[in-house]
Amino acid sequence: MISATEKASKFLTEDFLLKSEFAKILYHDYASKLPIIDYHCHLSPKDIATNRKFNSISEVWLAGDHYKWRAMRTLGVNERYITGNATDEEKFQKWAETVPYTLRNPLYHWTHLELQRYFGIQELLGPDTGANIYKQTTALLQTPEFYTQGLLKKMNVELVCSTDDPVDNLEFHKIAESSSPSTKLLPAFRPDKVYAVENPESYQAYIQQLSDTSGVRINQYDDLLSALQNRIEFFHSNGGSLSDHGLEQLYYFDLGAYDIKMIFTKIMSGKSLDKQETQYFKFHTLYELCKMYHAKGWTQQFHLGALRNTNERMLGILGPDTGFDSIGDFSQARALASFLNLLDGTDQLAKTILYNLNPSDNEVMATMIGNFNDGSVKGKIQFGSAWWFLDQKDGMEKQINALSNMGLLSCFVGMLTDSRSFLSFPRHEYFRRILCNLIGQDVANGELPADEVWLGKIVSDISYFNAKEYFNF
């Protein structure tokens, strides 16, 4: 009988995903030891600042991870063992039973990479090994080097940018700054609720929050802009230099096509907006925000193409961000080009990263960025790394190839986790291995020269140095 360790002996070796000798040189000598700059994630600032200790592997690994939840539901696992009231050990065992069935899904690779890199566990996770691995990992998590700050240090994470609402007081960013953990924590401004006007009642409640936080009494649209400027200044004074936006698509109208002040008055009086008014409000408010970002020298990020909360029954039971979103097929190119052009026309287009969720739009994004790179900043407009459903081997290769064919891969600011999990940082390793393998294969094919020093520099830049320069951290 072959043991679980023996089964794993040829899996996830030191040359995992590296198919040529040159790829191995690039990864091991130029990429693997570089620090990580994770400029977009959803980690809890409180957990970092307070150096949280997790009570079990389930707490740090399964809670909030809708990638795993979707896989378990697909296999027929009852919701009690996913988001329900089962014990942590019971939930972990159900995940262990699920893992062997995730073969060829990135979850299979990520699961075993994370067990190896954080805990030194070489065994394959499955129904027979689940109980022992639960005990091993949970015991290690009780030791200080496995608290949140230790987990980040273990993966050589130099800096993370969290994702924060404008009404956030950044309390835990300030605590983290004063306690000076080895990983620097910076905020990123995520104002999605500012233009989420579909529900008048919830929008009014949010505007009241924004008013209270900013100290600006918001009665008119100009007051809203003043409050937002106030919060941008606050974020900036606390180290913030990035914004982020989760959007199905960007909208574009001629300025003044609708009366923005009247639209705001209408929504604040509790009346619903029609479709065109809603879209115009989103367009105009985002336009005003983007001008503010440019004035502060920030970078703006647009995550485009997610079709969210598709299952209304489960949304009602579990709420949003629980694994019922998918790739959308929204029209992107014309409105995106027009929106960026509007800002560029007055030289108020900030550094911009476009993240695409629909692979059929990869070439659209890869060519779009070239329209607005003006020589003022290296890689000013970026085609961001493969995102969400696409941050797996095939998706990463397609994004890298589209960017290579239609832009300059050498200017790319590289990978981010976009994760809520403190165990997700081996995804940077995954990306670096894929990148090195693609370039190494080109060398093996005679499509690139075997110039180790130059290609090693390109790999190092994409893995770390481009982001450090671009964001000016």
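**Figure 1. Buried and exposed faces of helix α11 in the predicted model.** In α11, the residues P200, Y203, Y206, I207, L210, S211 and S214 are buried (under 20% relative accessible area, with exposed meaning over 50% and partly exposed in between, for a 1.4 Å probe and protein chains only). These buried residues lie on the same side of α11, because they cover an arc of only 145 degrees around the axis, the arc being that of the directions from the helix axis to the C-beta atoms. An α-helix has 3.6 residues a turn, so residues three or four places apart point the same way. On the other side of α11, E201 and D212 are exposed. The buried residues of α11 pack against α12 (221–237), α13 (260–268) and α14 (275–296), contact meaning heavy atoms within 4.5 Å. Helices (H or I, at least four residues) and strands (E, at least two) are DSSP runs, numbered from the N terminus.

**Figure 2. Length of helix α11.** Helix α11 comprises 15 residues (200–214), which should span 21 Å at 1.5 Å a residue; the expected span is 1.5 Å times one less than the number of residues. The end C-alpha atoms of α11 are 21 Å apart, in agreement with this value.

**Figure 3. The largest pocket.** Its volume is about 1300 Å³. A pocket is an open set of points on a 1 Å grid over the protein atoms alone, where a 1.4 Å probe fits, with protein on both sides within 12 Å along at least five of seven lines; lining residues have an atom within 4 Å of a point. Grid points are joined across faces, edges and corners, and the volume is the space filled by probe spheres set on the points. Of the 46 lining residues, R190, D192, G246, R308 and D321 lie nearest the centre of the largest pocket. The lining of the largest pocket divides into 16 nonpolar, 13 polar and 17 charged residues.

**Figure 4. Surroundings of L455 in helix α20.** L455 belongs to α20 (residues 452–471) and is buried, with a relative accessible area of 8%. Apart from neighbours within four places in sequence, L455 contacts F22, L26, I439, V443, L448 and P449.

**Basis of the views.** Residues are numbered from 1 along each chain as its sequence is written, and side-chain values use heavy atoms, with hydrogens and water left out. In this predicted model, local features need pLDDT of at least 70 and side-chain atom pairs count only at pLDDT 80 or more, whereas totals for chains, interfaces and linings use all residues.

Technical notes. Nonpolar A, V, L, I, M, F, W, Y, C, P; charged D, E, K, R; others polar.
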